[in-house]
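Reader: I have a model open and want to learn to read it feature by feature. Where do we start?

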Amino acid sequence: MKILVIISILLFTLSCESEDLNQTQTELEQDANVILLTLDGVRYEEFFNSDIFNRYWSKHAHQSTVLGHPNKQSKVRIANFSVLSLPAYKTIHSGKRSFCFTNNCGFPKEETLSEKLLRVHNWHQSKVAIISSWFNICYSAVRSLKNVLNSCGNKPLRLSDHDEININQTIDLPSWEGRKDKYTFQHAVKYIINHRPRFLHLALLDSDEWAHKNDWKNYIKSLKKYDLYIDQLFKLLENLGDYGNKTTVIITTDHGRGKGKKWTSHGKTWHARKIWMALKGPNIPHKGPIDHKYEVNHLHIRPIIELLLGVKDIYGKKRILKLFKDQLIQ
Ligand SMILES: [Zn+2]
């Protein structure tokens with residue numbers, strides 16, 4: 001009998017929470033869009049430095065909610081055991097801790113975030129895209145390259161008007177495998193203007209590559225470039241009227257890096273588990289860096305995106321109920 005009572009209380013609580021979530025979802029901006037911008041291997045030490053991310057901190061942070069500030073009670077971590085890129089991106093797109101422990105795991109077997117969005121909303125193929133400087137982002141975001149519009153690494157973006165960028169990116173190669181961020185960003189800007197995506201993952205990489213080369217000067221230079229890109233992205237959205245007004249931008253990183261002399265790497269240092277996240281959009285409070293009670297990690301990203309984009313059966317929805325208690329979303 002006791003067990004029955006406990007189960008019915010539990011079911012009642014869960015259904016109330018689901019109703020709360022449904023209610024919240026109907027109150028959110030309809031026809032919303034999300035741009036997920038990831039900056040590979042950018043430490044919180046640099047992201048929260050207003051000399052480096054100058055435009056962001058002077059113009060955009062106060063209109064955002066920012067998590068992971070070292071002077072706040074704000075715990076933001078990676079969710080995986082291994083502190084590597086592919087496991088982190090896989091967690092972001094799958095919504096669960098991945099069993100991938102290297103950067104060499106292949107395509108996922110279960111439906112990814114982008115694939116689900118296309119299926120449940122029946123959106124045109126051009127409305128969801130993965131545009132990344134590192135090819136392996138595609139190993140996290142799609143089960144097959146045919147499923148979602150993509151341009152990962154140095155692969156062309158097969159849309160009209162992108163020919164020139166497709167050619168330039170093959171002539172001007174970086175010294176690592178992949179594509180220079182400047183071409184990835186150019187693709188993204190053109191794609192946003194011409195196709196107004198409902199969901200885009202724009203994934204940049206230069207930062208991590210320069211850091212692994214122990215090149216502090218170019219690491220910082222790439223971060224200052226990201227600061228410029230973020231500013232340009234927000235300006236672009238401001239100029240896109242209703243579309244821009246309904247777009248939420250989530251900026252984060254796949255992992256941090258080591259402290260002091262260990263700043264060049266991340267795989268074997270606990271410190272690199274510390275990350276940060278910044279959200280800006282119609283339903284995101286204008287609070288800047290906040291204190292919050294519960295840990296936020298990569299597992300929260302997929303349910304937040306599904307919530308904002310009106311998916312009814314949100315994958316991992318229990319994770320975001322706590323975020324409401326922390327008032328991360330209004
Ligand atoms: Zn790395």
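Reader: How many helices and strands does the secondary structure of the protein come to?

Author: This is a predicted model. Its secondary structure comes to 13 helices and ten strands.

Reader: What is the mean pLDDT of the protein?

Author: The mean pLDDT is 93, and 93% of the residues reach 70 or more. Residues 9–14 fall below 50. In the model, that stretch has zero contacts beyond near neighbours in sequence. Where pLDDT is low, the predicted coordinates should not be read in detail.

Reader: Next, the overall dimensions. What radius of gyration does the protein have, and what would a compact globule have?

Author: A compact globule with 330 residues would have a radius of gyration near 20 Å. The protein has 19 Å, which agrees. Along the principal axes, the C-alpha atoms fill a box of roughly 70 × 45 × 40 Å. Buried residues make up 46% of the 330 residues.

Reader: Among contacts between residues at least 6 apart in sequence, what share join residues at least 24 apart?

Author: That share is 68%.

Reader: Now the sheet. What is the order of its strands?

Author: The order is 5-4-6-1-7-8-2-9, in an open sheet of eight strands with mixed pairing. Strand 5 (149–152) and strand 9 (288–289) stand at the edges. Each has a single partner strand, so one side of each is left without a neighbour in the sheet.

Reader: Which strands pair with strand 1, and in what sense?

Author: Strand 1 pairs with strand 7 (residues 247–252) in the parallel sense, over six bridges. Strand 1 also pairs with strand 6 in the parallel sense, again over six bridges. Use residue pairs to set the register. Leu36 stands opposite Ile250 in strand 7. Ile35 stands opposite Leu200 in strand 6.

Reader: How should I read the side chains of strand 1?

Author: Begin with the general idea. In a regular strand the side chains alternate between the two faces of the sheet. Here, Asn33, Ile35, Leu37 and Leu39 point one way from strand 1. Val34, Leu36 and Thr38 point the other way. Seven of the seven residues of strand 1 (residues 33–39) are buried.

Reader: In what sense does strand 7 pair with strand 8?

Author: Strand 7 and strand 8 pair in the antiparallel sense, over four bridges. Val249 stands opposite Lys280 in strand 8. Strand 2 (residues 65–67) also pairs with strand 8 in the antiparallel sense, over three bridges. There, Leu67 has Met277 as its bridge partner.

Reader: Are the residues of strand 8 buried or exposed?

Author: They are buried. Met277 and Leu279 point one way from strand 8 (residues 277–280), and Ala278 and Lys280 point the other way.

Reader: And towards the strand 5 edge, how many bridges join strand 4 to strand 5?

Author: Four bridges join them, and the two strands run parallel. Ser132 stands opposite Cys152 in strand 5.

Reader: Which strands does helix 12 lie across?

Author: Helix 12 lies across strand 1, strand 6 and strand 7. It runs at about 155° to strand 1. Eight of the eight residues of helix 12 are buried, so this helix is largely enclosed by the rest of the structure. Its buried residues include Arg302 and Glu306 as well as Ile304 and Leu307. Just after helix 12, Gly310 takes a positive phi of about 75°.

Reader: Which strands does helix 5 lie across?

Author: Helix 5 lies across strand 4 and strand 6, running at about 160° to strand 4. The buried residues of helix 5 (residues 113–121) are Leu113, Ser114, Lys116, Leu117 and Leu118. Their cover includes helix 4 (85–94), strand 4 (128–132), helix 6 (137–141), strand 6 (199–204) and helix 12 (301–308). Asn122 follows helix 5, and its phi is positive, near 55°.

Reader: Last topic, the core. Which residues have the most contacts inside the largest nonpolar core?

Author: The general idea comes first. In soluble globular proteins, nonpolar side chains tend to be buried together. In this model, the largest nonpolar core has 83 residues. Val34, Ile130 and Ile305 have the most contacts inside it. Helix 10 (residues 216–238) gives the most to this core, with eight residues.

Reader: Which residues is Ile305 in contact with, leaving aside its neighbours within four places in sequence?

Author: Ile305 is in contact with Val34, Leu36, Leu113 and Phe199. Val34 and Leu36 belong to strand 1 and point the same way from it. Leu113 is one of the buried residues of helix 5.

Terms used
Residues numbered from 1 in each chain as written. Predicted model: local features only at pLDDT ≥ 70, side-chain atom pairs only at ≥ 80, totals over all residues. Buried ≥ 20, exposed ≤ 12 C-beta atoms within 10 Å, placed from the backbone. Contact = placed C-beta atoms within 7 Å. Pairing = 2+ DSSP bridges. Rg over C-alpha atoms; globule rule 2.2 N^0.38 Å. Axes fitted to C-alpha atoms, helices over the stretch in contact; angles between N-to-C directions. pLDDT = per-residue confidence, 0-100. Core = buried A, V, L, I, M, F, W, Y, C linked by C-beta atoms within 7 Å.
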